[in-house]
Amino acid sequence: MSNAMEFGGWNICEQTVVLQGALLLAEKLTFHKTLLEIKKNEWPLVGKPITNALKEISSGTWSQSHEWRKKVIAIFWAKALSCEPQLSLRGDFNIDRRWKEDVFFPLENMIPKMNRTVLFEVLKATKAADVFAELLLALPTDFWVEEATLMMNHICDETSIEDVTFFLDVWWEIMKSSKGRKDEIVETFSAVACQYLTKTNDDVFQSSKRFKPDPEQCLPPADNILTVFLEGIHKIRPSIDNGKLKCYTIANLADMLCSSAFLENESGDLPIRLYLEKLVAVLCFYNAKVKDDDPQKSCPEMIREAERIVQSGSAASRFRLLRGAQHFALNILKDLLLHWGEELHNYTHNSDKISYECFRMNGSLAALQKNLVVFEPSDTFPEEQRGDASELADCISSLLEKTANIQITCKMNDVDMMATLARNIIDHKMCRYNEVCSEFASEIAWAFSSDWLNCLKMNKAIFLEPDRIMKLLETVVKATYEQNNLNTTEIQKSTAVILDLFCELSLAQMDDVLMRVLTTWGDKGLSHCMLAFTDNFQEELNMTFNQISQNVTDYNTVSRVARLALLYPENVVSKACHFAVSNLGAHVFLSKILTSLPALSFRGSNNGVSLLSRCLMETCWGKLSSDKEESQFLYLLSYLMNPAEATGDKVSLLQPAEVVRTFVLPYILDECVHVELCLHILHKALNVENPLDVSGKHWVLSCSPFPLLMSLCKLLNSYSRCWQQSDQPHCLTLGSKELIIEILTQICTLILPEAETGIETWGKSLFWLHRKMEHLDWVVRLRLKPVFGKHFKNEAPASLFEVCKLPENDWTALRLPEYGAGTGLLAWMECCCTSGEMKDLMLSLLCVNTEDPEEVNLFSKGFLVAMVQVLPWCSSTECKLLSQVVVSLLKRQLLHVPYSLEYVQFMPLLNLRPFAYDLQFSVLLLRGFQLLCSSSCSNWLTFDGQKHIARLYSVCISDMLDALKQQLAEYNLQVHKVEKEADYVQEVLFIYSQVFCHVLHVTAMMPENSCEPLFFLSLEILSLYESLRANDTSKNRTLRQANERHFLKSITENVSNEHHRATLMQKINKL
């Protein structure tokens, strides 16, 4: 017989032909009757051909057998419906239409007519109570009671043991049923049955109008179905004559009362451990029953059936027992227990083997007694029922005391059986398999066996969740502590699979697990049981980072690092930090790897310091051996402080406040060797993308901003001694001064909003800061003008008031011994260098009488001396401010700078007025350096100080040359528009040559090896000179250029450094 069976379709096939033959043969055995007329007592005469045919049709696997059994019963039921005169469709459709539209039409005409006797006897013979219940509930709900009543009437006619068993089976199947998805056979049967049953629906409805029923009977027919079984029990009670069936009856009644009367729809699921224990208990008894009744049934099918049983006993039924029916059921159960109590006791004690029905009865009664005790004081029972309920509870209690041995005999805690059960549930994704997975992952007694490991491998997708991975890790840890006899090799095989599962998680999930590990076991992670995972952690760590250094960052790289971090977070983070700083270029991709795992910012019990901060401190701080390492360290910190791209949120791995508290506040002192690095870290922190903390305020407010300002001001104050000869040289460069000023300005701007929100605190902090700064230089205090605001006047030397008209409401004079008579211009210039705003203010308040030639001369000479005194202590930004002051004074003609002709061979007949300020500025700088390099000032600056002013000179001249190029471009644009001949090329070439001479003059005055910047500046001027000469279109350019080249060479011959001289000569010869 072909195995290609079409279970769903109802077409004529080989199996239906066999079935037709059996039915025709059975009909011949009826002695001139048809199957439509057969009675129950005649079934033994005709049943054998039909049952034999069913055995033949349903041969094969359990699944195939079950499907064909269901299909045959569905066909029989549909045929029985079609044979009822009031349900026949023959008059409703013509043959052609039925052939096309009626799926049952071919089989209906093929199979002989039959009544429900054949259907019910086939159901009994095939033990198909489950199929009957499933198909019954596929009918329209209005017909459930009617069809169930027909079945009950059949059972009550000459009731046999088989009838009672079938009745109890159907009852139990109805109670276990739930609203689930219907298969194709059931769907087809439902459609076919509806064709017949809905034909009488109108008649039923009209008759119900004429009949006034009991109010309870107005409830949905779905609930009334239970009353059919209560009535049936009442009728067949005399036929229940053995202990097994009596246990079955008691169990059904007790279950029905629990699930349909007492349990509510919102009743929760059993705890998963108890659920598994109940499944094990059911399977212990149920296996033997199934092997007897259905030996082909597979293990998964038995587990699914056990699941239905356990769920039906612990969850509310889809059917509700009516109030009157509840009372009737309680009375029946009480009556049965009173009459059968002794017999049930004897049956449970005298049987060689406790039956499943006996076990189930015991559990059902125990559950019912619990509910009776709970609900008795409430309004669940009417007054007249409370006595019955109390008596029933006493009867149950009495019986349970006599049958206590049943629970003892039950193997609810069979470890091996429960493990096998759990594996099957997971493998076949049965009911509650997700919860079983969690139990499976956390149960030490099941762990590390080959079956356990295979289950993990086969069901990877189910275990790919942070909760389950964490439970698996906890199980490994518990096992290593509690069970010393475990095989290390087996554990490592299992942990390898667990770690592989971890690596298959998404980045967010891996980070979740990593955070849980850190929270549970701290910074050292799982290192306390490292041998359970690997023998070669250090080798794996080194290999991973060696591979990282050769590849770009990708998901696999991150997962490898996360895997190692799971085992020993502290060690891995320390390695990553050291590797990022000490290996060239490694900081870029390791920054990305670390930010992909935000869990590494974990804060344990180490005074709130994060794991990452601590590892950076211990691994890198004080151990950076080169500028490159410092640069990579700064990049790493900056990247970690900014919001992570990988996680997509606005949270950074390292909070700026934490970084400042860890790496800045303890070390930002003028004598600390790390102070310059601290400043760079603070600057990076102040420029992060998301500066607000959890309170919505800027993070700097949580980092003691006023003491921080005080420390920064002390550092600024220390620059007054930066060129002093000392055994301990100043640890800060003047390049850092600019950084300090920028940081100071930023912090002042950030804390100003607090002046409005916390007035009292702000005032106290401000007075503290002002008092602490009294011993610092007045210029430093002046930089805090935005913070001090209206609380304090600006303080300046009294001599400043001699050259400025300072408003007394805002300024107050200081009597400083170092600022005596004639130092007003020095103080004025120091003010100009503090900020652009202060520079503009000082220029506007300056008092110079231009009508008095002597005052202008004195002012110009005093300005040169003051500039020489201020310039060596200027940063690049301050120097630029000073340059702007010079240009402004030149334009206002307050500063007299005569231009000498010492580097002019012949009088140039050029229009130099547009460029007069550039020439004057260059000469002013030259005069300043002549003063600085004179014998009177020869020991004033250290060698480093000489190098610094050389850099500043280069900055000033470079800025001037840039401005000159821009000016020339603007002039040429104007000339082009008005079509004039003048293009100012010769004028600018003249200026280039003059500035070149000035630079070489300064170079000649400077100490050897201190003027490298000036050499590069002179090369830059020659390059500009060369590029501009190409634009010279004058007729005498050849002669003039030759003369200029000769002039430049004659000046260059005086350069003392041979290498510099040769290079410059080579450059001039190319002109």
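Q: What percentage of the 1071 residues of the protein chain count as buried?
A: This is a predicted model, where local features need pLDDT of at least 70, side-chain atom pairs count only at pLDDT 80 or more, and totals for chains, interfaces and linings use all residues. Residues are numbered from 1 along each chain as its sequence is written, and side-chain values use heavy atoms, leaving out hydrogens and water. Buried means under 20% relative accessible area (1.4 Å probe, protein chains only). Of the 1071 residues, the share that passes is 52%.

Q: Is helix α33 largely enclosed or not, and why?
A: Helices here are DSSP runs (H or I, at least four residues), numbered from the N terminus. In α33, the buried residues are Pro 656, Ala 657, Glu 658, Val 659, Val 660, Thr 662 and Phe 663. That's seven of the eight residues in 656-663, so α33 is largely enclosed by the rest of the structure.

Q: Which helices help cover the buried residues of α33?
A: Look for contact, meaning heavy atoms within 4.5 Å. The cover includes α31 (611-620), α32 (627-641) and α34 (675-686).

Q: How are α21 and α24 oriented to each other?
A: Their axes (lines fitted to C-alpha atoms over the stretch in contact, with angles from 0 to 180 degrees between N-to-C directions) sit 7 Å apart, at an angle of about 25°. Angles under 35 degrees count as roughly parallel. So α21 and α24 are roughly parallel.

Q: Which residues of α24 make the contact with α21?
A: On the α21 side, you'll find Asn 434, Cys 437, Ser 438, Ala 441 and Ser 442. Their partners on α24 are Arg 468, Lys 471, Leu 472 and Thr 475.

Methods:
Helix = DSSP H or I, 4+ residues; strand = E, 2+ residues; numbered from the N terminus. Parallel < 35°, antiparallel > 145°, perpendicular 65-115°, else oblique. Buried < 20%, exposed > 50% of the residue type's maximum accessible area, 1.4 Å probe, protein only.
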